[in-house]
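Me: I would like a close look at one part of this model, followed outward to whatever it leads to. Please take it step by step and keep the reasoning visible.

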Amino acid sequence: MATIEHAGVSAGRQGGTPTRSEIEDFLYLEAQLLDEWKLDEWLALFAEGATYDVPTTRADDDADSADQLFLVADDYARLQHRVRRLKKPGAHSEWPRSRTAHSISNVRIVEAEGDELLIRSVFVTYRAKNDVTDCYFGHHFHRIRVQADGLRILSKRSMLDMSSLRPHGRVSIIV
Amino acid sequence: MATAFEKHPTGTGWVVEDHDSFRVARTTFTDQDVLERERGGIFDRCWLYIGHESELPNPNDFVRRSVGGRDLIFNRDRKGDYHAFFNSCPHRGAAVVREDKGSSISFKCFYHGWSFNNNGAFATRFAAGTYPDDFNKDGCANLVSVPRLAGYAGFWFVNFDANAESLEDYLAGAKDFLQVVADHAADGMEIVGGIQEYSVRANWKLLVENSFDGYHAHETHSTYLEYLVDAIGGPAELFPSRGNISRAYDLGNGHAVIEGPAPWGRPVAQWIPAWGEDGREEIAAIYAELEKRLGKERAEQVAYGNRNLLIFPNLVINDIMAITVRTFYPEQPDYMNVNSWALAPKGEARHFRKRRLDNFLEFLGPGGFATPDDVEALESCQRSYRNRAAAGWNDISRGMLRDEPLADDEAQMRAFWREWDRRVAKAG
C-alpha cells in the first residue's frame, strides 16, 4: 500500500485544528492522485468504513441514498471494489484510462467539532477520452478526521451542479 | 402470450433476412434521412412511455416530460383525471411549465401571463373589447392535448397519432409482462425519487439491442461478475423447478423479452447469503405473500425470473437485481438522451429499499460497475460505423435456427428489427 507521506499535512503535524491552507493542500493532493491515476494512494486517504457518493443531478445536499436513486452510493466495500475495478482492463470505460484534470477551489471549513471537520469546496473536473472532452462541475463535501498521522476522509459527497449528466453519459472516473 | 418468432418480408432493404444470416445495414445508425423516417414512422405513430401513475399520486400533480421530441406536461386535474398537454402557450409558444414537477391547480405562462386551468381550459379574463366576444369558441386559446393518452398496469403512454390502435392492442403480449412487474407488490409500485439523466454518443437502436442482450454479459461485464462473486457471499437461492434456462420471447408488434434465472439477489424475492439470516426470513415472508396473492406459478415467475423487456420502440423495463424503467430518444443519429428511473414496491421498509438501491447502483446507471462499459461499447460501435462504406453490416443471426431461442441468442433483436423495418418502410 502506498504511503501518503507527501501530504503536506500528514506526518508530524502539530495538533489543533488544521488551517484552511492545510486543508487545501490535502484536497489538492487528492486531486493530483486522481489525475495521476494513483488510485491505491487515493483510497489510502480514506478511513476504513468511509463512504463515497454522487447523488443524481439536481438532488439536494442532504439527499439520502436509502430512499433516493443516486449515481454512486459506495460503502467502504464498494469503494474498494471501485478502485480494484478501475485498474482492470475489463473496466472498458476507463481502459485505456481517460485523462483528467481535477480543479478545486472555494475551500471552506464549514463545521469543526472535536477531531472532525466538514469541508465544502467547488470542483471542476475535465475528462478526456477518444478525442472527446467532458466537464463535470459542482461541489464536494469532505468529512475529514484529524489523526496523529494526518488527515483521513470519512465521507466524500460530490454534488454535480449540471442540470443533467449530458452529454457525459457516465461517472466512471472519480469526480 | 409469447408467440414463435416469425419471418417477415423485408421492407427498407436495410434489414436483410436470408436463409443463413440476419443482417442490418450500418447506415441505419448514421444517416439523418433514416432518423427523419424513424420520426415519421415510429415516434409519431407508436405508443410512447410518459410516466408511471405513482408520479402523480394526487389531483393537481404534474410532471414535465420530454417524449418523442416534444415537451409535454403530464398531470392530473382538480377532479383527478389524467391529461397530457403540449407544453406551449397557445398565445406565442413559451413553456407554461418550467419546473420538473409540482402540484398546481393552474398553469400560467411567464411571457404575457396567459393562464390555464389544469384541465387545459383558458382561464384569463380580459377587459371587454380586448378580444372578440366569441374568442376561444373553438378552443384555440386552450392548452393543446396530446391526441392519445392511456395507461396499463400503472404505466402511462401517449400517442401523437389520433388514429392509432388502442394501447392494449398495441402492447399485445407485452401486457402480461407489464403485469408481472406490477405484481411485485400488493399495494402497487412506485418510482423512487431521483432520475438518472444521461446521454450516449451513439444511435438509440444500439441501446435497444444492448438492453436485452444476453450475449454480451460475460465479455463486457466481467468486472461486475467478479464483484458479484465477492458481494453475494455464496450462491443465490434459485428456484429449482424453474430450471436453469433463460429464453427469449417475441411478444408481438416489435416487443420482446428475455427471461430466466440469475445469480444475484432480488429484493422480490431471491435471497443471497450476504443478506444474512434475518434477510432470509424477510425474503421468505415476501415470497409467502406473493404465493398467497398470485398462486405458486406466478409467484415463482415474479420472484425468481429476471426479465429484460422492450416495449417497442424505446421503453425498457429491466426487472433484474433491481427494477429499472428506462427510455431514450435520438437527438441526432449518433446521440441519444437517456432517462432511467428505479421502480419499487410502495411503502417498502427503509432497509429493503436501501438493499434494492444498492443492488441497482452496483450494476446500473452512469456510475455503476456495468453500465459505463455498455456506454463505452455503444460509442465504440458508433465511431466505427465511419467504416461503413467498406464494412457495412451488423450481424444479428445468433440462434436463428432455434425454435425456442435462448436469451443469449438474438431473436429478441430480430423481433425489434422486423417491426422497425415494417414501420420505416411505410414511412418512406
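How much area is buried between domain 1 of chain B and domain 2 of chain B, and what share of it do carbon and sulfur atoms give?

Reply: The model is a predicted one, and everything below should be read with that in mind. Between domain 1 of chain B and domain 2 of chain B about 1,100 Å² is buried, and carbon and sulfur atoms give 67% of that area. On the side of domain 1 of chain B that touches domain 2 of chain B, the elements that give two or more residues are strand E3 (48–52), strand E4 (61–67) and strand E11 (155–159) of chain B. Sorted by class, that side of domain 1 of chain B holds five nonpolar, four polar and three charged residues.

As for the domains themselves, the assignment for chain B places domain 1 at 48–167 and domain 2 at 183–426. Twelve residues from domain 1 of chain B and 16 residues from domain 2 of chain B take part in the contact, while the C-alpha centres of the two domains lie 33 Å apart. The rule finds zero salt bridges across this interface of domain 1 and domain 2 of chain B, and the count of residue pairs in polar contact between these two domains is one, with both residues at pLDDT 80 or more.

The interface of chain B and chain A can be described in the same terms. The size of an interface is often given as the accessible area lost when the parts come together. For chain B and chain A the buried area is about 3,300 Å², with 48% of it from carbon and sulfur atoms. In chain B, the residues that lose the most area to chain A are B:Glu197, B:Arg201 and B:Phe369, which together make up 19% of what that side buries. The contact draws 42 residues from chain B and 38 residues from chain A.

Turning to charge and polarity, the rule finds twelve salt bridges across the interface of chain B and chain A, and 29 residue pairs are in polar contact between these chains, both residues being at pLDDT 80 or more. The side of chain B that touches chain A receives two or more residues from each of several elements, among them strand E13 (196–200), helix H6 (222–231), strand E19 (335–345), helix H9 (350–363) and helix H10 (371–384) of chain B. Of the elements on that side, H9(B) gives the most, with eight residues. By class, the side of chain B that touches chain A has 15 nonpolar, twelve polar and 15 charged residues.

Side chains of opposite charge can pair when their charged atoms come close. One such pair is A:Arg170 and B:Glu379, whose side chains meet in a salt bridge at 2.6 Å, N to O. There is also a network of salt bridges that links A:Asp75, A:Arg78, B:Lys354, B:Asp358 and B:Glu362.

A:Asp75 leads back into chain A, since A:Thr51 has A:Asp75 among its contacts beyond four places in sequence, together with A:Phe46, A:Asp74, A:Leu154, A:Ser155 and A:Lys156. A:Thr51 belongs to strand E1 (residues 46–55) of chain A, and it counts as partly exposed because its relative accessibility is 29%. Strand E1 of chain A also holds A:Asp53, which lies 104 residues from A:Arg157 in strand E6 (residues 150–160) of chain A. A:Arg157 and A:Asp53 form a salt bridge, with the closest N and O atoms 2.9 Å apart, and both residues are buried.

Within chain B, B:Arg45 and B:Asp161 form a salt bridge whose closest N and O atoms are 3.5 Å apart. B:Arg45 lies in the loop between helix H1 (32–43) and E3, and B:Asp161 in the loop between E11 and helix H2 (167–171) of chain B, so this pair ties together parts that are 116 residues apart in sequence. B:Arg45 counts as partly exposed, at 42% relative accessibility, whereas B:Asp161 is buried, with a relative accessible area of 14%.

A further salt bridge in chain B joins B:Arg307 to B:Glu259, the closest N and O atoms being 2.6 Å apart. B:Arg307 sits in strand E16 (residues 306–311) and B:Glu259 in strand E15 (residues 255–260) of chain B, 48 residues apart. B:Arg307 is buried at a relative accessible area of 2%, and B:Glu259 is buried at 9%. Over all chains, the count by this rule comes to 49 salt bridges.

Key: Residues are numbered from 1 along each chain as its sequence is written. Chains are lettered from A and ligands numbered from 1 in the order in which they are written. This is a predicted model: local features need pLDDT of at least 70, side-chain atom pairs count only at pLDDT 80 or more; totals for chains, interfaces and linings use all residues. Side-chain values use heavy atoms; hydrogens and water are left out. Domain bounds come from an automatic or database domain assignment. Contact means heavy atoms within 4.5 Å. Buried area is the accessible area (1.4 Å probe) that two parts lose on being put together, summed over both. A salt bridge is a side-chain nitrogen of Lys or Arg within 4 Å of a carboxyl oxygen of Asp or Glu. A polar contact is a pair of N or O atoms within 3.5 Å; within protein, one must be able to donate a hydrogen and the other to accept it, and residues adjacent in sequence count only if both atoms are side-chain atoms. Helices (H or I, at least four residues) and strands (E, at least two) are DSSP runs, numbered from the N terminus. Ala, Val, Leu, Ile, Met, Phe, Trp, Tyr, Cys and Pro count as nonpolar, Asp, Glu, Lys and Arg as charged, and the others, Gly among them, as polar. Buried means under 20% relative accessible area, exposed over 50%, partly exposed in between (1.4 Å probe, protein chains only).
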